[in-house]
Amino acid sequence: MHNYDTSSAPVCLPPQRSASRPRHQLPPNSTDCHCHVYQDPARYPLIAQRSYTPVSATLQQYLEMCEQIGIQRTVQVSASVYGTDNRLTLDVIAALGQDRARGIAGLASDVSRDELRRLHDGGMRGVRLSTHVKGYGGTQGLQAMAERIRDFGWHIQVHVANIEELVPLADELLRIPVPLVFDHMGAVQGSQGVENPGFQTLLRILREREDCWTKISSWYRRSSGAAPHYEDMAPIVQALVKTRSDRLVFGTNWPHPALFAPAVMPDDGNLIDRFCEWIPDASTRERILVSNPAQLYGFDR
């Protein structure tokens with residue numbers, strides 16, 4: 001497999017050649033609300049200041065994985081390695097059609113209204129801010145970005161390095177005048193547990209805001225337990241379900257970027273089985289996989 005330029009950041013592990021077939025069958029129109037593709041660096045160049053260097057992970061590979069595990073809809077998150085260049089995400093949405101695909105953008109702090117309109121027409125529905133990876137603005141830009149995007153009905157996707165960052169941000173997060181989506185369960189570690197102040201802050205925001213969401217995703221990266229069980233993440237997922245099952249969505253985080261040797265690449269089929277075992281009620285799974293994403297991203301229900 002051909003690697004991109006490795007001069008400025010470590011090279012990721014490649015995705016698995018083929019995911020296993022899950023034991024559990026997902027409902028129709030199940031939605032992967034957090035994933036990326038990486039293709040053709042000549043056409044979609046990587047920014048120099050980046051946190052990792054991806055290997056090729058094409059749309060075709062992604063669709064083969066989705067077919068294997070039972071996913072029909074996708075929300076492509078424009079990867080941090082592209083900075084504010086959203087062309088790849090827009091091209092993926094155009095290729096799949098907006099009945100199947102939406103996107104989350106990386107934006108400059110001074111993004112124009114015309115640019116936002118162009119991105120909205122192309123299927124973008126939110127902007128990602130991150131304190132964890134280079135390429136996006138950080139949480140210091142929450143209020144200013146909210147003012148720019150609010151007329152478009154977009155949300156801010158909050159990606160922190162550690163869930164304890166949410167504690168000093170709580171009051172601001174409760175006031176932000178656009179919907180919020182927290183990446184990867186707020187980045188809580190399994191070893192931190194349900195009683196962690198940051199996780200309790202996340203639960204509080206979910207309870208107090210009607211327009212706050214979180215993604216059940218990337219738990220393999222935050223677990224201290226061994227694959228494929230990740231036992232320490234089960235209480236965290238179950239606490240989220242108990243708090244606001246109507247404000248949760250699911251993401252594969254394919255192709256699992258920023259994993260480096262000697263880490264082990266997770267199997268997406270096993271991740272589906274773990275999700276289904278942690279959430280055994282079929283109606284709750286349908287809500288998280290189908291109904292909630294349709295509401296958040298504007299898919300046809």
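These are my notebook entries on the cores, cysteines, pockets and a few single residues of a predicted model.

**Entry 1: the main core**

I started with the inside of the protein. I found that the largest nonpolar core has 85 residues. Which residues have the most contacts inside it? I noted L107, I156 and W219. I then checked which element gives the largest share of this core, and I got helix α8, residues 234-244, with six residues.

Next I picked L107 and listed its neighbours, skipping residues up to four places away in sequence. L107 touches T84, N86, L116, L119, V127, M145, I149 and W154. I also wrote down a second, separate core of 13 residues. Among its members are I104, Y136, V249 and A294.

**Entry 2: helix α8**

I went back to α8 and asked which of its residues are buried. My list reads A234, I236, V237, A239, L240, V241 and R244. A general reminder for myself: an α-helix has 3.6 residues a turn, so residues three or four places apart point the same way.

What do the buried residues of α8 pack against? I found three helices and two strands on the list: α6 (197-208), α9 (268-278) and α10 (282-297), plus β7 (212-216) and β8 (248-250).

**Entry 3: cysteines**

How many disulfides does the structure hold? I counted zero. I looked at C12, and the nearest cysteine sulfur, that of C35, is 15 Å away. A disulfide needs the two sulfur atoms within 2.5 Å, so C12 is in no disulfide. I put C12 down as buried because its relative accessibility is 6%, and the cut-off is under 20%.

C33 was next. Its nearest cysteine sulfur is also that of C35, at 8.4 Å, and C33 is in no disulfide either. C33 is buried too, because its relative accessible area is 0%.

**Entry 4: two pockets**

I moved on to the pockets. The largest pocket holds about 260 Å³ of space. It is lined by 16 residues, and I noted P15, Q16, R17, S18 and Q61 as the closest to its centre. Helix α1 (residues 59-69) gives the largest share of this lining, four residues. By class I got eight nonpolar, five polar and three charged residues for the lining.

The second largest pocket has about 220 Å³ of space. Here 19 residues form the lining, and the closest to the centre are H132, V133, H159, P257 and A258. How does the lining of the second largest pocket divide by class? I wrote down seven nonpolar, nine polar and three charged.

**Entry 5: T139 and E64**

Where does T139 lie? I found T139 in the loop between β4 (124-130) and α4 (142-149). Is T139 buried or exposed? It counts as buried, because its relative accessibility is 11%. Leaving out residues up to four places away in sequence, T139 touches T131, V158, V160 and L169. I also checked T139 against H159: they are 20 residues apart along the chain, and their C-alpha atoms are separated by 8.5 Å.

My last stop was E64, which lies in helix α1. E64 counts as partly exposed, because its relative accessibility is 44%. I compared its position with that of R17: the two are 47 residues apart in sequence, and 9.7 Å apart in space, C-alpha to C-alpha. R17 had already turned up in my notes, as one of the residues closest to the centre of the largest pocket.

Technical notes. Residues are numbered from 1 along each chain as its sequence is written. This is a predicted model: local features need pLDDT of at least 70, side-chain atom pairs count only at pLDDT 80 or more; totals for chains, interfaces and linings use all residues. Side-chain values use heavy atoms; hydrogens and water are left out. A nonpolar core is a set of buried Ala, Val, Leu, Ile, Met, Phe, Trp, Tyr and Cys residues joined through side-chain atoms within 4.5 Å. Buried means under 20% relative accessible area, exposed over 50%, partly exposed in between (1.4 Å probe, protein chains only). Contact means heavy atoms within 4.5 Å. On a 1 Å grid over the protein atoms alone, a cavity is a set of points where a 1.4 Å probe fits but cannot get out, and a pocket is an open set with protein on both sides within 12 Å along at least five of seven lines; lining residues have an atom within 4 Å of a point. Grid points are joined across faces, edges and corners, and a volume is the space filled by probe spheres set on the points. Ala, Val, Leu, Ile, Met, Phe, Trp, Tyr, Cys and Pro count as nonpolar, Asp, Glu, Lys and Arg as charged, and the others, Gly among them, as polar.
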